[in-house]
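Student: Could you take a close look at one part of this protein with me? I would like to understand its longer-range side-chain pairing and what surrounds it.

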Amino acid sequence: MEYSSFHGDQAMDSLERQLICPVCLELLTRPVVILPCQHNLCRKCANDTFQTRGTLVGTGGRFRCPSCCHEVVLDRHGVYGLQRNLLVESIIDVYKQVSSNSRPRSKPAGHLTCEEHEEKMNIYCISCQVPTCSLCKVFGTHKHCQVTPLPDGYKQQKSELGDGISCLIAANDRAQAVITHLEDTCRNVEDNCKRQKQTLCEKFDHMNAILEERQKIMVQRITYEEEEKTGYTRSLMRTCREHIEATSKQVETGLQAMEEPQMAPFMQNARILIEKMSAAVKDSTLEELQSGYENMDHYRVDFNALERALSQLDFVKLEQKNDDVHEEEPEQGCGEDSEDTAAKCAPLKETDEGRAQAESSMDIKKEEASDTDGTSALQAAALFLSILVLVIFLQGLWRRIEYTACTYLAKLDGD
């Protein structure tokens, strides 16, 4: 008998160790939850573990098992979403019953007694909010208080506690929803800012490309006019050099003729030379450049307005953007085939064409005026040079004639 009782006590002790909660180190209390790793915990201890050492993830959370450190993932219900281990709860009930029968206690398990009357607490004082016994209500400290049966107070407070837990769970769900919304908003802000930065960089690159292309076109126009004017000026220089070379040959021939000592041969050649020189003077209608032919001020560009516009470049406000969209709608309709749209777009096209024609005509007039001025200046210079050469030649010829005449008269006087 003693041997059987000894082994029975060992078995009960071993069973009790298996039914100990690893958190509170007490016997598992209802409700008992089973974790995915098959370890059991009191629901209260599981909730305390999650609140102190767990982390929130999405609408749920996670914590580690106190026995094996296995990670337990919770849904939006938290620890109340874990499955109850009804088998362990039944074993605990049987263990308590067997333990109470084999080990009688002085006080019934699970029942509190009044310290003053040592009676079972069977009522609940609503005024003092403490459980008490009937004797305390009859002639004790709670005889003037409002009381209710203990089961009714138990149900009421349990209901209130359950409602509080539900409210806290709902509040956690709302807070988690707010966190999720804030995370989505932060992610959307980052994505939108990244997209706007990319769009802004693309717009600036496009503007730089337009400026570079426009720079090439305008520089090419200046280069074309430079080549045209320098080529024309060099051709006039060649013509003047050729004219000077021909005139110099005639001057040299005239000077050689003036050195002829005989009058008859001189008079025979002088008339021909004079006629050639007169013809050369008449034919010396050299083109001249107008004054300011080298001026290139018509290629000046006013960058002040562009610089002011670029310095004031900023983001478009929402109201201004909507106004621009309404203003751009008729322009976008220019590509349609409707008659109303074509009638609206026609004045814009005519204005652009007229502006382009006016600019081209002004450029042509400027070029013609520059060419006329350059030709007149060159012709005047060539004519002045020819007249100067002719005067020098006639002066030499006149002195030659005077010398010849004086010599001839001196011979006649001598004879």
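Tutor: Happy to; here is a walk along helix H5, with its partners and then the rest of the chain for context.

This is a predicted model, and helix H5, residues 150-258, is a good place to begin, since among the elements of the protein this helix has the highest mean pLDDT, 89. The lowest mean belongs to helix H8 (residues 318-332), at 56. Over the protein as a whole the average pLDDT is 75, and 72% of the residues reach at least 70.

Let us start with a salt bridge inside the helix. Asp 184 and Arg 187 are both in helix H5, three residues apart, which is about one turn of the helix. Their side chains meet in a salt bridge with an N to O distance of 2.3 Å. Asp 184 has a relative accessible area of 30%, so it counts as partly exposed; Arg 187, at 42%, is partly exposed as well.

Further along comes a nonpolar surface patch of about 600 Å², made by Leu 200, Phe 204, Met 207, Leu 310, Leu 313 and Phe 315. H5 is the element that gives the most to this patch, with three residues. Leu 310 belongs to helix H7, residues 304-311, and is partly exposed at 49% relative accessible area.

Now for the pairing you asked about. The structure holds two aromatic pairs. One of them joins Tyr 232 and Tyr 293, with 6.4 Å between centres and 50° between planes, a tilted arrangement. This pair links distant parts of the chain: Tyr 232 sits in helix H5, while Tyr 293 lies 61 residues away in the loop between helix H6 (263-283) and H7. Are the two rings' residues buried or exposed? Tyr 232 is partly exposed, with a relative accessible area of 23%, whereas Tyr 293 counts as buried at 5%. The cut-off matters for this reading, because buried means under 20%.

For context, the protein has nine helices and eight strands. Of its 415 residues, 20% are buried. Among contacts between residues at least 6 apart in sequence, 58% join residues at least 24 apart. The exposed surface comes to about 31,200 Å², with carbon and sulfur atoms supplying 56% of it.

Salt bridges elsewhere make a useful comparison set, as the whole structure holds five. Glu 89 pairs with Arg 84, their closest N and O atoms being 2.8 Å apart. Here Glu 89 is buried, with a relative accessible area of 2%, while Arg 84 is partly exposed at 36%. Arg 62 and Glu 71 form another salt bridge, at 3.5 Å from N to O; Arg 62 is partly exposed at 30%, and so is Glu 71 at 32%.

Two backbone details are worth a glance too. Gln 38 has a positive phi of about 75° although it is not a glycine; it lies in the loop between strand S1 (32-34) and strand S2 (40-42) and is exposed at 55% relative accessibility. Cys 69 also has a positive phi, near 65°, and is found in the loop between strand S4 (60-64) and strand S5 (71-74).

Finally, a word of care. Residues 331-351 stay under a pLDDT of 50, and the model has five contacts for them beyond four places in sequence. Where pLDDT is low, the predicted coordinates should not be read in detail.

Technical notes
Residues numbered from 1 in each chain as written. Predicted model: local features only at pLDDT ≥ 70, side-chain atom pairs only at ≥ 80, totals over all residues. Heavy atoms only, no water. pLDDT = per-residue confidence, 0-100. Helix = DSSP H or I, 4+ residues; strand = E, 2+ residues; numbered from the N terminus. Contact = heavy atoms within 4.5 Å. Buried < 20%, exposed > 50% of the residue type's maximum accessible area, 1.4 Å probe, protein only. Patch = residues over 30% accessible without salt bridge, like charges linked within 9 Å, V, L, I, M, F, W, Y side chains within 5 Å. Areas by Shrake-Rupley, 256 points an atom, 1.4 Å probe, with all protein chains shown as cover. Salt bridge = Lys/Arg side-chain N within 4 Å of Asp/Glu carboxyl O. Phe/Tyr/Trp six-rings, centres within 6.5 Å; stacked < 30°, edge-to-face > 60°.
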